[in-house]
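Okay, thanks for coming, everyone. I'll put the structure up on the screen and then walk you through a few spots in it.

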Amino acid sequence: MSPSLPDHGGWAPYVWLNGEIVPAAEARVSVFDRGILLGDGVYETLRVHRCKIFRWREHRDRLLNSLAESGIEPAHSPAELEEAITTLVRANQMQEARIRLTITRGEGNPGFDLMPGKGPSTIVAASAWRSIPGARYREGVRAVIASRRQTGSDSLDPALKSISRIHLVLARLEAAREEAQEAILLGSDGKVREGTASNVFVVKEGKLKTPSAQCGILAGVTRAAILELASQRGIPCEEAILAPEELVGADEVFLTNTSWGALPVGLLDGKPVGIGGGGPVALTLGRKLSELVERECSP
Ligand code: PLP
């Protein structure tokens, strides 16, 4: 299969759709899919390095939890989904990729009630892995504390990785208006939750702190890896309630996700954080994370 097909703005030319590899230009999902009509579905973003999925088991378990919480009966087993990702990467002749795995409830009737016709739609799409320039890590990125609050565990539980993300898109737009890369959301109690697409860490006097999973966040696969690496290096780490003032007064703030690794925040709400760039803890843990990915994905 030759990937000399139309460009889809960064997406690789082939996708895996409901069990088949198809050119993205020919892939069809119903306009009545509840994913489109209602944001009724779940997803995962994964990293493939050297043709291997980084921490598949962790992504798989989170996906299964999201599916169970949303009452979506998957059409494919975890093993089939894992195979789908590796087959897709091969079809696109990629070794490094960012994978978006989406499962919607499938086609629905005109009403709101749950009557999916043909069962879930399962879509796996790949895009090129784009490393963030080193200067961004050294200098840190801009972030804002969004005025929009994160949803709560009693409404749309952030632990359920739902495709209903408009509140996060709106928070990201707030950030974009300030020329910032990420918006950090507080919860209804005014305490720090997470970024629109990242988890938040602060460093103060050599100690690491991050909002606990019980606060109502998406517990990132990268967050867990950073916690592991910190503990291996003897860096004290607390999963707790984090006040926004702790971000402002921190020596370092950094954001974690599958695509960014550990990305330092240089400016928060326009004011320098710590030394105003990547601090030693974020940079060290980020480097250790890259080594971990290398080790776990080595052939
Ligand atoms: N929090 C939110 C809201 C996210 O959307 C993401 C990633 O998409 C994360 C945290 C980080 O998760 P991970 O490290 O698994 O990429």
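Let's begin with Ser 127 and what it touches. If you skip the neighbours within four places in sequence, Ser 127 is in contact with Gly 10, Trp 11, Ala 12, Met 94, Ala 97 and Arg 98. Keep in mind that this is a predicted model. Where does Ser 127 sit? You'll find Ser 127 in strand β6, which covers residues 121–128. And is Ser 127 buried or exposed? Its relative accessibility is 10%, and the cut-off for buried is under 20%, so Ser 127 counts as buried. Here's one for the distance fans: Ser 127 and Tyr 14 are 113 residues apart along the chain, with 9.9 Å between their C-alpha atoms.

Now zoom out to the sheet. What's the strand order? Reading across, you get β2-β1-β6-β5-β3-β4, an open sheet of 6 strands with antiparallel pairing. At the edges are β2, residues 20–23, and β4, residues 52–53, and each of those pairs on one side only. Helix α2, residues 56–70, packs on this sheet, where it touches β3 (41–49), β4 and β5 (97–104). The direction of α2 makes about 175° with that of β3.

Let's go over to the β2 edge. Strand β1 is residues 11–17, and β1 pairs with β2 in the antiparallel sense over 4 bridges. If you want to trace the pairing by eye, Leu 17 stands opposite Glu 20, and Val 15 has Val 22 as its bridge partner. The hairpin of β1 and β2 has 2 residues between the strands, and Asn 18 there takes a positive phi near 45°.

One more residue on this edge: Ile 21, which lies in β2. How accessible is Ile 21? The figure is 22% relative accessibility, so Ile 21 counts as partly exposed. Its C-alpha atom is 10.0 Å from that of Ile 123, and the two are 102 residues apart along the chain.

Right, helices. Back to α2, which has a crossing with α3, residues 78–91. Their axes come within 11 Å and cross at roughly 125°, so α2 and α3 are oblique to each other. The crossing is right-handed. On the α2 side the contact uses Trp 56, Arg 60, Leu 63 and Leu 64, and on the α3 side Pro 78, Leu 81, Glu 82 and Ile 85. By class that's 6 nonpolar, no polar and 2 charged residues.

Last pair: α6, residues 221–232, and α8, residues 280–296. How do these two sit relative to each other? They pack at an angle of about 105°, with axes 10 Å apart, and that angle makes α6 and α8 roughly perpendicular to each other. From α6, the contact takes in Thr 222, Ala 225, Ile 226, Leu 229 and Ala 230, while α8 brings Leu 285, Lys 288, Leu 289 and Leu 292. Those residues divide into 7 nonpolar, 1 polar and 1 charged.

That's my tour, so shout if you'd like to go back to any of it.

Methods. Residues numbered from 1 in each chain as written. Predicted model: local features only at pLDDT ≥ 70, side-chain atom pairs only at ≥ 80, totals over all residues. Heavy atoms only, no water. Pairing = 2+ DSSP bridges. Contact = heavy atoms within 4.5 Å. Axes fitted to C-alpha atoms, helices over the stretch in contact; angles between N-to-C directions. Buried < 20%, exposed > 50% of the residue type's maximum accessible area, 1.4 Å probe, protein only. Parallel < 35°, antiparallel > 145°, perpendicular 65-115°, else oblique. Nonpolar A, V, L, I, M, F, W, Y, C, P; charged D, E, K, R; others polar. Left-handed = near helix turned anticlockwise from the far one by under 90°.
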